[in-house]
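Thanks for coming. I will go through one model this morning, piece by piece, and you can follow along on the screen.

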Amino acid sequence: MSNMVNIFLFGKKYEVPDNLTIMNAMEYAGYQLVRGCGCRNGFCGACATIYRIKGDRELKSCLACQTKVEDNMYIATLPFFPLVKQVYDMNKVTASEAVMMQLYPEIYACIGCNACTKACTQELNVMQYIAYAQRGDFEKCAEESFDCVMCGVCSSRCPAGISHPQVAMLARRINGKYLAPNCEHLDNRVQEIKDGTFKELIEALMQKPIDEMKELYNNRDIEK
Amino acid sequence: MYSEKFQKSLAAVEAAREKNIALEPARMTAQQKTDLLAEYHPDYKQDEFELLQIGPNKGDKVPKELADTLQAHSRVCPNCVNLDNPDYDVDVLVIGGGGAGSSAAIEAHEAGANVMIVTKLRIGDAHTMMAEGGIQAADKPNDSPAIHFVDAFGGGHFAAKRELLERLVCDAPEAIKWLSDLGVEFDKTEDGTMVTTHGGGTSRKRMHAAKDYSGAEIMRTLRDEVLNRQIPVVDFTSAIELILDENGAAAGAVLLNMETKEILVARAKTVIIATGGAGRMHYQGFPTSNHYGATADGLVLGYRAGAKLLYAETLQYHPTGAAYPEQIFGALVTEKVRSLGAKLVNVNGEVFMHPLETRDVSAASIIRECSTRGNGVETDQGKAVWLDTPMIEKIGGEGTIEKRIPAMMRMFGKYGIDIRKEPILVYPTLHYQNGGLDITPDGMTTNVKNLFVAGEAVGGIHGKNRLMGNSLLDIIVFGRIAGKSAGAVCKDVKLGKLTLDHVTKFEKEISDAGINTDTISPKLLPDYTRKVNS
């Protein structure tokens, strides 16, 4: 059912079925992957890949596990990219613009070329989330960058040397910890458990014979 | 964008959609569930299992593939490894860099221990990263840890170790709080109330989520915290054998650099196994939603060192693996799709079950629909049923899918299927190892001193079936417990002389039992070379 196509893995030609993903095609060709392969489902960012279709000027990027091969595809994987990850104490950072200035000052050297956005394997508006980070708008930066898998392709294309995924990581943590509204019912429940509010109920369940547990389970109310 | 052959069935699904949305399908009775499971669930297929002939669980039944890997030769020649000059010397050695391992490392570090993570691939290459739907915790006023306990205990066929389940449900709200304080972005309303939904088998809406990147959001935050604490992470290095001391307590591990094949030795006062699951063993030939490294390594390491397994014969087949297109065959379609209102529909457009039965019941029901009932949709990889995603937009309003399950929309969108407008095809996929190493409530194995376990490698927390959202929860709760316990215990440990005698002994047991095998374990990675399907 599938046709064969020619692909070039690191420049070397292989003939593979056209219905395979790049990752499966590499394995079909005989590669036993160690690097460049993780969840195989598009969540972990291990299999960042750059490719060019012969005769096409544009360099494209993708996740190898999420992209089908094409005829005359020249493929190079990018299993690691040296992102800059600053070390910080989450309890000491604050939700202020100065945090970015201090930890990731290179974001202010962005020249607006938009190469990051064009390169994003998740089709995120990377340059936009960096602009939000520059302004200290962590909430918007967090929202815009939420689907980031930290594959690092954006940074590989950045003339300003920005480590976009790490900037976004910091923004999301600040947003989650300091800016998102506090959850009162959670605080209350944690306190109730500390106070032993459910102790008796749980202890009763620990002792109950299996038949009574079955009775309880099979007749429990289910919230609509 | 479905080809011609699907169109007739697709038309039936569309025609029935309005009626199907309004339909409130009955839940099965306890007896109906028991009968269904016995006939259709893969765990009940006797000829797919084998009795262990050696080791602490001799005489117990496990999947054939697991028996083969447990009763296999070591990667280590015990007399060739010099244990006297270890390459690493730490208080707490964490094996595995997923959610459980990272949580454990953070807590051990917090307790003041010298802790190190060793991981086969990268930190974060783990099932935690892939968990989509959410994490349970009974933190709403209409809910309680006791109700959570009953849901999980019943869902797990009344087989969970109650003292473990007690920890799971009672520590759950605190786990959410801990994550939230680390900066994990849970879905909340403007006043801070958690947005929660049902999962299969829950009686209260207690599924907390971060869109459908719940696990990824948790994992990347934990990873960032490990890096901020500058806990050493030795990546692309797998543990291939535990080291014991002369008194039989865990005392480190023999390590293998996955790239250079160099053998290294780590000495440790305590060891935490957090190696995850086993989907890449492809039990019974099933496709899997699991991570590339899910090869049951921790069970092998623990078993050879004398640790006992619990419920290793029970696996979870997630009811909704992607069945089409073939490029994503077996990939997870989050249960949250059903939590948001999508129903399971057969080839004729009929709803054949309540969409939120527990996972084992749902999987068995889909297998029945596709086998004896003959109501499956034919695909190139076999039969499948529809999961009618456009219902979600009709129920929750336009934009619900993009807001709540963007990863699903992206995964299918790449292959020209717009899940807002078209349903998707699903079939059960091997998803989770319910069983694992037997532990006490402080995370230590029941019979190897100073050996702790956390996460999917543990058996007994969930019994014989796990509810959605309780695994993401257990990796945090038991990861933290293992880290705290190991961090405390290591202070009083005086290591004796290091030994690999247990490996030699195990080899002898293999030959004494007359087991003739070429298998070497742990497997570390599956071999997909020159194979079209994986």
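**A walk through the two chains**

I start with a small sheet in chain B: three strands make an open sheet in the order β13-β19-β21, with mixed pairing. At its edges are β13 (309–310) and β21 (458–459) of chain B, each of which pairs on one side only. Before going on, the ground rules: this is a predicted model, in which local features need pLDDT of at least 70, side-chain atom pairs count only at pLDDT 80 or more, and totals for chains, interfaces and linings use all residues. Residues are numbered from 1 along each chain as its sequence is written, while chains are lettered from A and ligands numbered from 1 in the order in which they are written.

Some terms as well. Helices (H or I, at least four residues) and strands (E, at least two) are DSSP runs, numbered from the N terminus. Two strands pair if DSSP finds at least two bridges between them.

Back to the sheet. β13(B) and strand β19 (residues 436–438) of chain B are antiparallel and share two bridges. In that pairing, B:Leu309 sits opposite B:Leu437 of β19(B). Helix α10 (residues 297–304) of chain B packs on this sheet and touches β13 and β19 of chain B. Contact here means that the C-beta atoms of two residues, placed from the backbone, lie within 7 Å. The direction of α10(B) makes about 35 degrees with that of β19(B). For such angles, axes are lines fitted to C-alpha atoms, for helices over the stretch in contact, and the angles run from 0 to 180 degrees between N-to-C directions.

Next, the loop that leads to this helix. B:Pro287 lies between β12 (263–273) and α10 of chain B. Is B:Pro287 buried or exposed? B:Pro287 is buried, because 22 other C-beta atoms lie within 10 Å. The cut-offs are 20 or more other C-beta atoms within 10 Å for buried, 12 or fewer for exposed, and partly exposed in between, with C-beta atoms placed from the backbone. Apart from neighbours within four places in sequence, B:Pro287 is in contact with B:Gly321, B:Phe329, B:Gly330, B:Thr429 and B:Leu430.

Now the domains of chain B, whose bounds come from an automatic or database domain assignment. There is domain 1 (4–40 + 316–430) and domain 2 (73–313 + 434–501). Their centres, taken over C-alpha atoms, are 31 Å apart. Domain 1 of chain B puts 26 residues into the contact and domain 2 of chain B puts in 28. On the domain 1 side, the elements that give two or more residues are β14 (315–322), α11 (336–339), α12 (359–370), α15 and β18 (424–433) of chain B. β14(B) gives the most to that side, with four residues.

Past the domains, helix α17 (residues 501–512) of chain B has twelve residues and spans 16 Å from first C-alpha to last, close to the 16 Å expected at 1.5 Å a residue. The expected span is 1.5 Å times one less than the number of residues. B:Gly514 follows α17(B), with a positive phi near 70 degrees.

Turning to chain A, its assignment gives domain 1 (4–77), domain 2 (97–179) and domain 3 (184–216). The centres of domain 1 and domain 3 of chain A, over C-alpha atoms, are 52 Å apart. Chain A also has an open sheet of five strands, in the order β2-β1-β5-β3-β4, with mixed pairing. Why do β2 (12–17) and β4 (60–63) of chain A each have one side without a neighbour in the sheet? They stand at the edges with a single partner strand each, so one side is left free of a neighbour in the sheet. From one strand to the next the twist averages 35 degrees. Strand β3 (residues 48–53) of chain A runs antiparallel to β4(A), joined by four bridges, and A:Ala48 is opposite A:Leu63 in β4(A).

Last, where the chains meet: 69 residues of chain B are in contact with 62 residues of chain A. On the chain B side, α8(B) gives the most, with seven residues. One residue to look at is B:Phe236, in the loop between β9 (233–234) and β10 (237–245) of chain B. B:Phe236 counts as partly exposed because it has 17 C-beta neighbours inside 10 Å. Beyond neighbours within four places in sequence, its contacts include A:Val34 and B:Leu121.
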